[in-house]
Amino acid sequence: MPERETPAGAMDDVDVVTRAVLDASRLLMALSARSLAAVEERVTLPQFRMLVVLSARGATKLVTLADLLQVAPSTAMRMVDRLIAAGLADRHLNPDNRRETLLQLTEEGRRAVEAVTTRRRTEIATIVERLTPVQRLALTQALAAFNEAGRELSDPALDATEPHPLGWAVDLPMARDA
């Protein structure tokens with residue numbers, strides 16, 4: 001694999017960086033899995049993704065939800081039915097168009113998303129606290145560069161405490177679908 005000279009004079013080995021990112025990815029996945037433990041008896045990971053999207057967007061049409069999650073509408077409908085049965089989501093007629101049904105989180109669904117997000121944030125903060133200030137700055141800069149290279153720039157309009165389903169297409173306006 002070709003190596004490039006970096007400004008600091010050290011060799012930049014893409015394979016070494018790739019392995020480090022994969023290791024970090026595995027750690028983040030483990031943290032995510034542990035944070036889901038509070039709701040895993042009730043929802044699958046894809047269903048939780050749906051909860052996060054509904055949390056971010058509010059009341060949403062089924063077809064829009066399916067598009068955002070990149071699943072077939074029939075799959076989205078089965079997921080919604082399970083979330084409704086678990087008391088985490090509900091559906092109601094769109095007051096602006098009575099032929100449409102909107103899906104939204106229940107209070108219990110909102111609490112579930114908050115609990116998982118809070119636990120994940122706490123676990124990540126615990127790890128970040130172990131880093132020195134210089135390491136934190138370097139990590140912030142490295143992650144910003146990685147995100148930019150991956151074209152997944154974070155939206156500064158999103159509050160850092162809000163759940164943000166990175167990698168999931170929810171960049172559309174967070175207004176009610178009508």
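A residue counts as buried when its relative accessible area is under 20%, as exposed when it is over 50%, and as partly exposed in between, using a 1.4 Å probe and protein chains only. With that in hand, Q70 is exposed, because its relative accessible area is 69%. Keep this residue in mind; we will come back to it on the way through the fold.

A word on the model before we start. It is a predicted one, in which local features need pLDDT of at least 70 and side-chain atom pairs count only at pLDDT 80 or more, while totals for chains, interfaces and linings use all residues. Residues are numbered from 1 along each chain as its sequence is written, and side-chain values use heavy atoms, with hydrogens and water left out. Helices (H or I, at least four residues) and strands (E, at least two) are DSSP runs, numbered from the N terminus.

Let's begin with the sheet. Strands of a sheet pair through backbone hydrogen bonds, either parallel or antiparallel. Here, two strands are said to pair if DSSP finds at least two bridges between them. The sheet in this model is open, has three strands in the order 3-5-4, and is paired in the antiparallel sense. Strand 3 (60–61) and strand 4 (89–94) are its edge strands, each pairing on one side only.

Now look at the individual pairings. Strand 3 is joined to strand 5 by two bridges, and these strands run antiparallel. One place to find this pairing on your screen is T60, whose bridge partner in strand 5 is L103. On the other side, strand 4 and strand 5 (residues 97–105) pair antiparallel over six bridges. A hairpin links strand 4 to strand 5 through two residues. N94 has N97 of strand 5 as its bridge partner, and A89 is bridged to L105 in strand 5.

Which helices lie against this sheet? Helix 2 (residues 45–57) lies across strand 3 and strand 5, at about 110 degrees to strand 5. Helix 4 (residues 73–85) also packs on the sheet, where it touches strand 4 and strand 5, and its direction makes about 115 degrees with that of strand 4. For such angles, axes are lines fitted to C-alpha atoms, for helices over the stretch in contact, and the values run from 0 to 180 degrees between N-to-C directions. Contact itself means heavy atoms within 4.5 Å.

The helices also pack on one another. The axes of helix 2 and helix 3 (residues 62–69) come within 11 Å and cross at roughly 120 degrees. Helix 2 brings R49, M50, V53, L54 and R57 to this contact, and helix 3 brings T64, L65, L68 and L69. Sorted by class, these are six nonpolar, one polar and two charged residues. In this sorting Ala, Val, Leu, Ile, Met, Phe, Trp, Tyr, Cys and Pro are nonpolar, Asp, Glu, Lys and Arg are charged, and the others, Gly among them, are polar.

Moving along the chain, helix 3 and helix 4 pack at about 105 degrees with their axes 9 Å apart. That makes helix 3 roughly perpendicular to helix 4; angles under 35 degrees count as roughly parallel, over 145 as roughly antiparallel, 65 to 115 as roughly perpendicular and the rest as oblique. L62, L65, A66 and L69 of helix 3 meet P73, A76, M77, M79 and V80 of helix 4. This contact has nine nonpolar residues, no polar ones and no charged ones.

Here we return to Q70, which sits in the loop between helix 3 and helix 4. Most residues other than glycine have a negative phi. Phi of Q70, however, is positive, near 60 degrees. Further on, in helix 4, you will find D81, which is partly exposed at a relative accessible area of 35%. D81 and R91 are ten residues apart in sequence and 9.5 Å apart in space, C-alpha to C-alpha.

The last stop is the pair formed by helix 1 and helix 5 (residues 107–129), packed at about 140 degrees with axes 8 Å apart. That makes helix 1 oblique to helix 5. The contact is made by L27, L28, L31, S32, R34 and S35 of helix 1 and V116, R119, R120, E123, I124 and I127 of helix 5. Those residues divide into six nonpolar, two polar and four charged.

Is S35 buried or exposed? S35, found in helix 1 (residues 14–35), is buried, with a relative accessible area of 1%. Leaving aside neighbours within four places in sequence, S35 is in contact with V116, R119 and R120.
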